[in-house]
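I opened this notebook to record what I looked up in one protein structure. The entries follow the order in which I worked.

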Amino acid sequence: MERYVGIDGGGTKTRVSVGDAQGAELRSFTVGSTNHHSSSAGHVKNSVCDIFKALEGELPSIAGICFAGAGVDTARDEAFYTGLFREFGYQKRLLVCSDGLAALAGSNGGLRGAILIAGTGSITLAIAEDGTLIRAGGWGYRTEGCCSGYALAVEGIKAAGLEYDGIGPKTLITERLKALLRTSDFPGIIDAVYNGAMSNGEIAALSRAVTETCGEDEVARAIVDRAAEEALDTLVPVVKRLGRDDFDVGLCGGVFENAVHVRQAVIEKINKRYPVMKPHLPYFNAGVGALRLAAGNISLNITEDGQHVVGGPIS
């Protein structure tokens, strides 16, 4: 029986879904980061090696793989991952695309509507009726705001610094950061962030200091409110390009799925500005979305402002 593999490649972990020709998930497993922008090429190669080790007994029956990766934004990125999979001896059908497309396919049950993704980084994606990809944000954790874990963590650290310097108000964020980093003072927080060899994913995980205190802390609540407003703003170009606002919006990624206050803040703002829009948690995860793209042999010749973006025909 033919098997298909969908890979949701993240900056912190990678989820692999194995399924049948109908796109039904039969089993799943996780490996480490496969984002070559936030992890070393060696680390990514080790993670892909772990995937093939886990699939070793099933490789002869695998008819198609979709690798949907965070950080797959250009033809160069596509070539990097295609070469990596070929290097491990996989020569059958392979689709390399952004993790956003897999998230869209899974979250909304197909390539339709829009999604807001908030994980280590963030991005807003939608598909127009003519197959055009519409995006806002997603240009890297160092420059983006919105509801990304990294941005929330940075804002939390800044708030703790302002309290320490006597510039800003007291905030529960400081104590939560100290607990998460097992330090006794703010200099210890800075030392851990700058000298502790923390990965981007580990820094993003410090967003918990904001998301877990915003229910009772004004400073944290203000950070979440600003992030939710920025998330709402990313839907403006989507509505403009689609010419309507009556579509599904999947709220994807660890921040939306685990931080209830953040999710509620975004939903409330969407409902206020766009009453007919339908925000929701994903119907299926991005791994299943990638699996369905692989099993469906979908050709994704999508353009962004007339330019080819990653996601061509399965080869």
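**Entry 1: Arg292 and its surroundings**

I looked first at Arg292, and I found its charged end over the ring of Phe284, 4.2 Å from the ring centre. I note that the model is a predicted one. I then located Arg292 within helix α13, which spans residues 286–295. Is Arg292 buried, partly exposed or exposed? Its relative accessibility is 33%, and therefore I recorded Arg292 as partly exposed; the partly exposed class lies between the cut-offs of 20% and 50%. I also checked Arg292 against Asp248: the two are 44 residues apart in sequence, and their C-alpha atoms are 19 Å apart in space.

**Entry 2: Helix α5**

I turned next to helix α5, residues 172–181, and asked which of its residues are buried. I listed Ile173, Thr174, Leu177, Lys178 and Leu181. These residues lie on the same side of α5, because they cover an arc of only 135 degrees around the axis. I looked up what they pack against, and I found α4 (149–165), α6 (186–195), α8 (208–211) and α9 (218–233).

I then examined the two ends of α5. At the N-terminal end, Thr171 acts as a cap, with a side-chain oxygen 3.1 Å from the backbone nitrogen of Ile173. After the helix comes Arg182, which has a positive phi, near 55 degrees.

**Entry 3: Aromatic rings**

Finally, I asked how many aromatic pairs there are. The count is six. I noted a cluster, linked by ring pairs, that consists of Phe52, Phe67, Phe80, Tyr81, Phe85 and Phe88.

Terms used. Residues are numbered from 1 along each chain as its sequence is written. This is a predicted model: local features need pLDDT of at least 70, side-chain atom pairs count only at pLDDT 80 or more; totals for chains, interfaces and linings use all residues. Side-chain values use heavy atoms; hydrogens and water are left out. Helices (H or I, at least four residues) and strands (E, at least two) are DSSP runs, numbered from the N terminus. Buried means under 20% relative accessible area, exposed over 50%, partly exposed in between (1.4 Å probe, protein chains only). Rings of Phe, Tyr and Trp (its six-membered ring) pair if their centres lie within 6.5 Å; planes under 30 degrees apart count as stacked, over 60 as edge-to-face and the rest as tilted. A charge sits over a ring if NZ of Lys or CZ of Arg is within 6 Å of the ring centre and within 35 degrees of the ring normal. The arc is that of the directions from the helix axis to the C-beta atoms. Contact means heavy atoms within 4.5 Å. A polar contact is a pair of N or O atoms within 3.5 Å; within protein, one must be able to donate a hydrogen and the other to accept it, and residues adjacent in sequence count only if both atoms are side-chain atoms.
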